[in-house]
Amino acid sequence: MSGTVASWILRRAQSKSLTVSCGQHRLYSRINRPPPRPVSRPRRIRAARSSSSSSPEFNDGRAPSSQRQSSLEKVDFRLTGAQINGLLRANEQNVRIPEFDGRGLSPVLRFESNQLPANAPNEDRRSVATCLQTKGMLFGVFDGHGGHACAQAVSERLLYYIAVALMPRQSLEEIEYAMENTKPVPPILQWYKHHNDYIYRESASLYVDHLRVFWQELLENEEHGDGMDPLDALAYAFRRLDADISLEAQVPLDSELMRSTAIQVAFAGSTACLAHVDMEGILVANAGDCRAVLGVQEEDGSWSALPLSRDHNARNVAELARLRSQHPKAEEATVVQDERLLGILMPFRAFGDVRFKWSKELQQSVLENSCDLDSLDIYQYTPANFHTPPYLEVTPELTYHRLRPKDRFLILASDGLWDMLSDDEAVRLAAEHLTGVHLQAPVSASERQMNLGQMHSLLLHRCAVPSLDLNSATHLIRHAVGTNEYGELDQERLSAMLALPDDLARMYRDDITVTIVYFNSDLAKARED
């Protein structure tokens, strides 16, 4: 491999900006394109064991710069095409949905999904399921921080809470009757799992018990007849699950393992972007900085991106104003510092993260009465300027969109993708994959030097460029990671980025999760006619 990419990585590894202050709790990611932005959470930093210094300097948990450079020099960045494909396709998922499932027609033709981890283990999660007691499908992407525990729990549980909230009283009564009489319980969801997906088996009984309490409370509500409206169901499910996560970390549980898991889930955090798709339209519930973007094809064949969510961070002016309005005027300058909540957290809405929701006293009580904190990888510290909690909430922002024939697909992705691709770029790549036509590709530096004949040949070549990947999510990830500053897919760069060892990969990019949902446009057209 030439020295270009290798020297670029070595320069980054020598950067001194990777050190952080324990008193500031900050760490900046080493993402090359677009310009570097802060990660959504700090690496956990152990509290100083000596009281002689209130703000000692720590590194980010990685080896010193000289050791990182030495380890990089030993890495073989020259991956073969087969090795690149193997890494990119390890978590692919391709599922075609039956047009008629016995209950009605499906507005979803298929979905394609993939994940590329940077953290070890991956902190992103994804979920897809069909609601069996009501109509519609649920698609979710979850971006964990402070570990994978919260994203894991939310990915397993949130879809059940939504499905239960949507169910009519009669269906809930049937499920409760089956539970009371130890009979087979009617299935609530049909899951579409990847073989690499993990499940918290040790906490399954706890999760079922609290889900049952939830539907029992719905049964006690005389107004719960035909089930909640989807808007209310999604919003309530988000808040109720977060409340259960908080409660489970505070109460005695059946086993020490279950107790440890509950505390890890509560002190970690996760953003979530979830879409409910039925015959009428798409309802997106978003809390954090994952994103939902609709790919729209006009009658003239052109494509456009229609965002169905907004990031909840400091770049969202309305969100920043909302957060500041919930705290005293005296905290206006400290609630958000350096575009992060209390100078630490990038998203302003998330599950878990009780460190930003509980009082100092409650946090101390729970942690002091828990098992060994070192084994949980949880460290006691209080953010600076922590005066009027809660500072964080999980209430989702809801967006409804009625499906039209020109709505071709929906991209749900964690911010690892959006760090590297804009909405328009992602839709263009997905559209190219769908149609086989290279759309509005930027002219590279080498192409600017072509004569008219060469340019004509190039345009003919671009008319039908076969994708390297059958899976459209993989296609997006390949281009997000491997595209250089000229807009070209650079195999050398792609190889180098994928060859990075686990302890270095997070310096250059985040975990990436992408799910692309394709709609039955003919069905939408027939309904419109």
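Which residues of H7 are buried? Keep that in mind while you set up the viewer.

**Before you start**

This is a predicted model, in which local features need pLDDT of at least 70 and side-chain atom pairs count only at pLDDT 80 or more, while totals for chains, interfaces and linings use all residues. Residues are numbered from 1 along each chain as its sequence is written, and side-chain values use heavy atoms, with hydrogens and water left out.

Show the whole protein as a cartoon: there are 18 helices and 17 strands. Both are DSSP runs numbered from the N terminus, helices being H or I with at least four residues and strands being E with at least two. Of the 529 residues, 54% count as buried. Buried means under 20% relative accessible area, exposed over 50%, and partly exposed in between, with a 1.4 Å probe and protein chains only. Contact means heavy atoms within 4.5 Å. Among contacts between residues at least 6 apart in sequence, 76% join residues at least 24 apart.

**Stop 1: helix H7**

Select residues 230–248, which make up H7. Here is the reply to the opening question: the buried residues are Ala233, Leu234, Ala235, Ala237, Phe238, Arg240, Leu241, Asp242, Asp244, Ile245, Ser246 and Glu248. The expected span of a helix is 1.5 Å times one less than its number of residues. For the 19 residues of H7 that gives 27 Å, and the end C-alpha atoms are 26 Å apart, which agrees.

Now add Asp229, at the start of H7, where one of its side-chain oxygens comes to within 2.8 Å of the backbone nitrogen of Leu231. Such a polar contact is a pair of N or O atoms within 3.5 Å; within protein, one must be able to donate a hydrogen and the other to accept it, and residues adjacent in sequence count only if both atoms are side-chain atoms.

**Stop 2: helix H6**

Select residues 204–220 for H6. Its 17 residues should span 24 Å, and its end C-alpha atoms are 25 Å apart, in agreement. Display the side chains of Leu206, Tyr207, His210, Leu211, Phe214, Trp215, Leu218 and Leu219, which are buried. To see what covers them, bring in H4 (149–166), H5 (169–180), H7 and H8 (256–267), which are included in that cover.

**Stop 3: H15 and H16**

Select residues 472–482 for H15 and 491–499 for H16. Two packed helices are described by the angle between their axes and the distance between the axes. For H15 and H16 the angle is about 95° and the axes are 8 Å apart. Axes are lines fitted to C-alpha atoms, for helices over the stretch in contact, and angles run from 0 to 180 degrees between N-to-C directions. H15 and H16 are therefore roughly perpendicular to each other, since angles of 65 to 115 degrees get that label, those under 35 count as roughly parallel, those over 145 as roughly antiparallel and the rest as oblique.

Where do H15 and H16 meet? Arg478, Val481 and Gly482 on the H15 side touch Arg493, Leu494 and Met497 on the H16 side. By class, this contact has 3 nonpolar, 1 polar and 2 charged residues.

Colour H15 by accessibility: 11 of its 11 residues are buried, so the helix is largely enclosed by the rest of the structure. At its N-terminal end, Asn471 acts as a cap, with a side-chain oxygen 2.8 Å from the backbone nitrogen of Ala473.

**Stop 4: Arg89**

Stay with Arg478 and look across to Arg89, which is 389 residues away in sequence but 9.8 Å away in space, C-alpha to C-alpha. Arg89 belongs to helix H3 (residues 81–89) and is partly exposed, at 31% relative accessible area. Beyond its neighbours within four places in sequence, Arg89 is in contact with Asn114, Leu468, Asp469, Thr474 and Arg478. Draw a distance from its side chain to the backbone oxygen of Leu468 and you should get 2.5 Å.

**Stop 5: backbone details in the loops**

Pick Pro121, in the loop between E4 (108–116) and E5 (124–131). The peptide bond from Ala120 to Pro121 is cis, with omega near 5°. Next, go to the loop between H11 (373–376) and E15 (397–402), which holds Pro390. A cis peptide bond joins Pro389 and Pro390, with omega about 5°. Asn385 sits in the loop between H11 and E15 and has a positive phi of about 60° although it is not a glycine.

Definitions and conventions:
Ala, Val, Leu, Ile, Met, Phe, Trp, Tyr, Cys and Pro count as nonpolar, Asp, Glu, Lys and Arg as charged, and the others, Gly among them, as polar.
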